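Please open the structure in your viewer and keep the selection tool at hand. We will walk through it one stop at a time, pausing at each stop to see what is there.

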Amino acid sequence: MSVLSMQHIKKSFGDNEVLKDISLRVEQGEVVSIIGPSGSGKSTLLRCATFLETIDAGEIAYMGQKAAWTENNSAVYVKNLKPFRKDFGLVFQNFNLFPHRTVMKNVTDAPISVLHRDPKEVRALAEELLAKMGLSEKADAYPCELSGGQQQRVSIVRALAMQPEILFFDEPTSALDPELTGEVLKVIKQLAEEHMTMVIVTHEMSFARAVSDRVIFMDGGVIVEQGRPEDVFGDTQEERTKQFLRHYER
Amino acid sequence: MDYGFIFQKLAEGFLTTLLIFALTLVFSLPMGLLVYFGRSSKWAPMAFLCKRDRSPGKIKCAVAEFKPISSIFRLFISILRGTPLMLQLLVVFYAPFYLFGIKLNTAWRFFALIIGFVINYSAYFAEIYRGGIESISVGQYEAAQVLGYSKAQTFVKIILPQMIKRVIPPVTNEVITLVKDTSLGFVLAYLEMFTIAKQLAAKYSNIIPLLVAGLFYFVFNYIAARGMELFEKKLSYYQ
């Protein structure tokens, strides 16, 4: 059973067809990186997977449960998406931490007030996760007191505290300088080693190569090429992929 | 002219002014939020006209976009902002008589005054809140949505606290204006400080009572503005 299954996803913004029949399956423990030029539909795919955008057609299922499918050429969603939301977490490019709340409250509030988990256990889990990310002393700090890298690590902790089945990253380091990028990538790598199921949209090619089980190259709303990182990067098949990857060579 | 007497009379009037001020704020601040909700209502009962149709006409789409609740509140806000508060107070005061033929008594003056002020200020507060809420980045809503917060939870826990911080400066402006607007009580001959000051000035043919009233307004506004400043400082623990 796949953690996430997206089948024949179509999505347009007006006349602009952003996703043209995209299918993606992610298995338990798999780390998938999605690369490709800006405007290729990578972020839109994540936003569709996390219900931030509605699909026009196709099928989305988490843990074998259908959340959306197609009827009469248009997508239908289940009435209550709430049970599906606890299956995934999303880490945004610009963190989107809640500025008026401490790190601890940012991390613990949703598990307590949305999932109704025991506050004591949630706090213990949050402390453990913050410690793992090297943020123990920052529990009582406000987001504005943290560096970008620290903020992004907090937002990863916030997503993890929900104990999702799968974690999505939407260009998690694009708002960070190279030094801070390193500390965030290190954390994601650590999660990969623990076999956290993840889908990472990224422009960090060497990172994608190092952590992924599978790399997907998207362009113009379609998956152009996908495979093991050593194949996609080392033995590139498609001309369009070669062309894109050439920009990352020195 | 007995200055002690004048001061005492004005001080009494000032208590009434304070009462009008406090009651108006207590009711209009939350009511502004309700007006904002109405103003931003997305309920469009004709939306189905445009939804299923692949190529709906322009007229059909215009009808589909019609939001009755939002439209009513927009009209409400534009009338309240577009006509003199003095006129609004008179309309509220005389409405029961002209609409229902109810005989007006002196006690009604006070209620009419409060109702008039509350309605007028709620329209202004609604627009201030709208500015504050719309300035909050869409990312905050998205983060809340992904974490599974309901719409109500998102508003109360995430949006409202950030909105409050952002609207303090414009709300302070309104608060100060309200202190001065209470002087419009004189149009209903309600005995708040300004009405009393005018009567005293007429009685003694002397401007001193008006100047003393001015001093009262100024000192109170100074205190109110300082209070809001402190509140703002208290919320400056985050950006």
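The tour goes to the interface between two chains and then to a pair of packed helices.

Before selecting anything, bear in mind that this is a predicted model. Begin by colouring chain A and chain B separately, and look at where they meet: 25 residues of chain A are in contact with 20 residues of chain B. About 2,100 Å² of area is buried between chain A and chain B, and carbon and sulfur atoms give 57% of that area.

Stay at this interface, where two salt bridges are found between chain A and chain B. To see one of them, select A:Arg47 together with B:Glu142, whose closest N and O atoms lie 2.7 Å apart. The interface also holds 10 residue pairs in polar contact. Now select helix 2 (82–85), strand 7 (88–91) and helix 3 (103–113) of chain A, each of which supplies at least two residues to the side of chain A that touches chain B. Sorted by class, that side of chain A has 13 nonpolar, six polar and six charged residues.

For the last stop, hide chain A and select helix 1 (residues 3–39) and helix 4 (residues 68–82) of chain B, which pack at an angle of about 130 degrees with their axes 7 Å apart. Helix 1 and helix 4 of chain B are therefore oblique to each other.

Which residues of helix 1 of chain B meet helix 4 of chain B? Show the side chains, and you will find B:Val35, B:Gly38 and B:Arg39 from helix 1 meeting residues of helix 4 that include B:Phe73 and B:Ile77. The residues of this contact divide into five nonpolar, two polar and two charged.

Notes
Residues numbered from 1 in each chain as written. Chains lettered and ligands numbered in written order. Predicted model: local features only at pLDDT ≥ 70, side-chain atom pairs only at ≥ 80, totals over all residues. Heavy atoms only, no water. Contact = heavy atoms within 4.5 Å. Buried area = accessible area lost by both parts, 1.4 Å probe. Salt bridge = Lys/Arg side-chain N within 4 Å of Asp/Glu carboxyl O. Polar contact = N/O pair within 3.5 Å; in protein donor to acceptor, adjacent residues only side chain to side chain. Helix = DSSP H or I, 4+ residues; strand = E, 2+ residues; numbered from the N terminus. Nonpolar A, V, L, I, M, F, W, Y, C, P; charged D, E, K, R; others polar. Axes fitted to C-alpha atoms, helices over the stretch in contact; angles between N-to-C directions. Parallel < 35°, antiparallel > 145°, perpendicular 65-115°, else oblique.
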